[in-house]
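Reader: I'd like a close look at one part of this protein, the little sheet that holds one of its buried leucines. Could you walk me through that and then work outward to the rest?

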Amino acid sequence: MSNLFYQGRGRKRVLDQARGVYMWDKNGRRYLDGSSGAMVCNIGHSNENVLAAMQRQMEKSTFGYRLHFETEASERLAARLAGKMPGGLNRVFFVSGGSEAVETAIKLARQHALAIGEGSRWKIISRAPSYHGCTLGALATTGYAPLTEPFEPLMRVMPKIPAPRAYLDGLDPADPETGRHYADMLAARIEAEGADSVLGFIVEPVGGASTGALVPPEGYLERVRAICDDYGVLMIMDEVMTGAGRTGAFLGGDHWGVRPDIVVMSKGIGSGYAPLGAMIADDRLVGPVLDAGGFAHGFTYAGNPLACAAGLAVLEEIDRQDLCGNAAVMGDRLLARLHGLMQRHEIIGDVRGKGLLTAFEFMADRVTGAPLPRALNAYQRFVDIAYDRGLIVYSRRTRDGIDGDHVLVCPPLILNESHIDEIIDGLDGSLTEFAAEIAP
Ligand code: PLP
């Protein structure tokens with residue numbers, strides 16, 4: 001028996017090596033990493049420039065406590081990240097992961113409200129389904145019942161509005177009225193909660209694992225921004241999964257030109273080389289908090305030099321190889337090929353995504369949108385079949401308004417055409433096998 005345990009569904013195979021888009025287990029079996037781990041390894045595995053930068057940092061120093069020292073690595077990474085943000089978002093707070101980044105955003109928003117005399121504001125509205133992390137503060141904003149329900153006595157569950165699931169509601173996502181329809185649910189919820197109690201709204205620009213790459217309808221994020229402005233509510237963009245080029249732009253929100261008050265990032269900025277996350281906030285939020293006595297928050301490993309050196313080298317690789325551009329081009333091709341699979345495989349009910357954040361959803365009936373029976377455990381069974389065929393993909397089943405099994409296909413952004421062929425072959429074979437298995 002192993003001494004390790006995670007979610008009770010650990011893989012038995014042991015990872016040995018990983019290079020580029022491929023991974024090998026201890027038995028020498030090769031896998032194509034079609035999900036970048038958990039949408040993490042944006043620049044691919046074992047990038048030599050990143051490894052060399054980490055080696056150089058290790059030879060200098062591996063730890064300096066943030067209250068004693070800054071490092072060149074953390075200063076340079078902060079400057080480089082700030083340079084990629086919409087104007088005014090220039091204050092960076094490093095952490096070690098996405099949940100910590102969300103916690104940091106919530107706490108900064110709250111301390112800002114206190115500093116400007118708006119202490120009645122404390123609620124963070126979010127969407128269901130959504131995923132913002134598993135620590136209790138971030139979990140309170142997560143709209144994913146299986147993860148939140150067991151902990152409800154321990155935390156104050158935050159208000160939710162429905163994610164804009166136009167494809168299930170029979171609405172046209174290209175029609176601006178659809179975007180307005182879903183965004184106005186935020187205004188209604190702010191009113192219902194009492195506008196002076198609402199601190200912020202947290203949103204993934206393109207949905208991640210919880211919704212299966214749900215792209216917002218036309219005008220949605222722009223209208224959300226306007227509503228937040230009208231009510232003095234802070235807009236927090238959760239770019240943990242969408243950031244660092246995943247959707248074909250550095251930030252997912254860049255596609256719509258929306259400027260949030262706070263951005264949270266993780267996954268792709270460390271790209272799996274080191275645990276790294278960041279909260280990037282508007283200077284106008286940070287200033288009053290510092291003036292009022294400082295930000296009462298921090299983690300021991302914040303700004304870890306090795307993580308920051310890795311992050312800096314990762315950002316350099318994203319720019320040097322134009323991985324945002326490659327994600328856009330390859331993402332369009334991958335999406336077109338997934339649509340091709342949908343034509344051949346009846347059990348795929350929807351295909352969606354942006355850049356290399358793509359997904360398909362299983363349905364028992366495409367017309368009604370009825371999901372496959374839960375008892376089939378389709379999301380788990382399908383990834384197991386693909387895994388045995390040497391293709392790693394990521395899947396979920398939600399039950400917060402989108403009651404379906406979806407499979408995320410999110411390979412590293414260094415993807416090329418032949419990798420796409422391999423992914424599509426792997427999915428095609430796995431779909432045929434899965435469909436035969438569940439056939440009555
Ligand atoms: N926010 C989003 C959108 C995520 O996808 C995740 C993780 O999947 C998180 C936050 C939490 O990040 P972490 O698992 O690094 O704590």
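**The small sheet and its surroundings**

Author: Let's start with a pairing: strands E3 and E13 run parallel to each other and are joined by 2 bridges. Keep in mind that this is a predicted model. Within that pairing, Asp33 sits across from Ile392 of E13. Zoom out a little and you find an open sheet of 4 strands, ordered E1-E2-E3-E13, with mixed pairing. Strand E1 (15–19) and strand E13 (391–392) are the edge strands, and each has a single partner strand, so one side of each has no neighbour in the sheet.

Now for the leucine. Leu32 belongs to strand E3, which covers residues 30–33. Is Leu32 buried or exposed? Leu32 counts as buried because it has 23 C-beta neighbours inside 10 Å, and the cut-off for that label is 20 or more. Leaving aside residues up to four places away in sequence, Leu32 touches Val21, Tyr22, Gly390, Leu391, Ile392, His419, Glu422, Ile423 and Gly426. One of those contacts, Ile392, is also the residue opposite Asp33 in E13. If you want a distance to check, take Gly20: it is 12 residues from Leu32 along the chain, and the two C-alpha atoms are 9.3 Å apart.

Next, the domains. The protein splits into domain 1, made of 15–46 + 322–438, and domain 2, spanning 50–320. Their C-alpha centres are 25 Å apart. Where the two meet, 33 residues of domain 1 are in contact with 37 residues of domain 2. On the domain 1 side, at least two residues each come from helix H1 (36–39), helix H12 (323–344), strand E11 (348–354), strand E12 (357–362), strand E14 (394–397) and strand E15 (405–409). H12 gives the largest share of that side, with 5 residues. By residue type, the domain 1 side that touches domain 2 comes out as 15 nonpolar, 11 polar and 7 charged.

Over to some other strands. Strand E5 (residues 123–128) is mostly covered, with 6 of its 6 residues buried. E5 has parallel pairings with two strands that I can point you to. With strand E7 (residues 198–203), there are 3 parallel bridges, and Lys123 stands opposite Val198 of E7. With strand E6 (residues 160–162), E5 again pairs in the parallel sense over 3 bridges. There, Ser126 has Lys160 in E6 as its bridge partner.

Strand E9 (residues 262–265) is a nice one to rotate on screen. Ile262 and Val264 point one way from E9, while Val263 and Met265 point the other way, and all of them are buried. E9 pairs with strand E8 (residues 234–238) in the parallel sense over 3 bridges, and Asp238 has Val264 in E9 as its bridge partner. The pairing of E9 with E10 is antiparallel and runs over 4 bridges. In that one, Met265 is matched with Ala278 of E10.

E10 leads us to helix H10. In H10 (residues 283–291), the buried residues include Leu285, Val286 and Val289. Looking down the axis of H10, the buried residues fall within an arc of 90 degrees, so they line one face of the helix. What do the buried residues of H10 pack against? They pack against strand E4 (89–95), H4 and strand E10 (277–282). Asp283 and Asp291, on the other side of H10, are exposed. Just after the helix, Gly293 has a positive phi of about 125 degrees.

H4 is also our route to the ligand. Around the ligand there are 15 residues, and Gly97, Gly98, Ser99, Gly133 and Val240 come nearest. Helix H4 (residues 98–115) gives the most to this shell, supplying 3 residues. Sorted by type, the shell holds 6 nonpolar, 7 polar and 2 charged residues. So, to link the last two stops, H4 both packs against the buried residues of H10 and is the top contributor to the shell around the ligand.

Terms used
Residues numbered from 1 in each chain as written. Predicted model: local features only at pLDDT ≥ 70, side-chain atom pairs only at ≥ 80, totals over all residues. Near = placed C-beta within 6 Å. Nonpolar A, V, L, I, M, F, W, Y, C, P; charged D, E, K, R; others polar. Buried ≥ 20, exposed ≤ 12 C-beta atoms within 10 Å, placed from the backbone. Contact = placed C-beta atoms within 7 Å. Arc of directions from axis to C-beta. Domains from an automatic or database assignment. Pairing = 2+ DSSP bridges.
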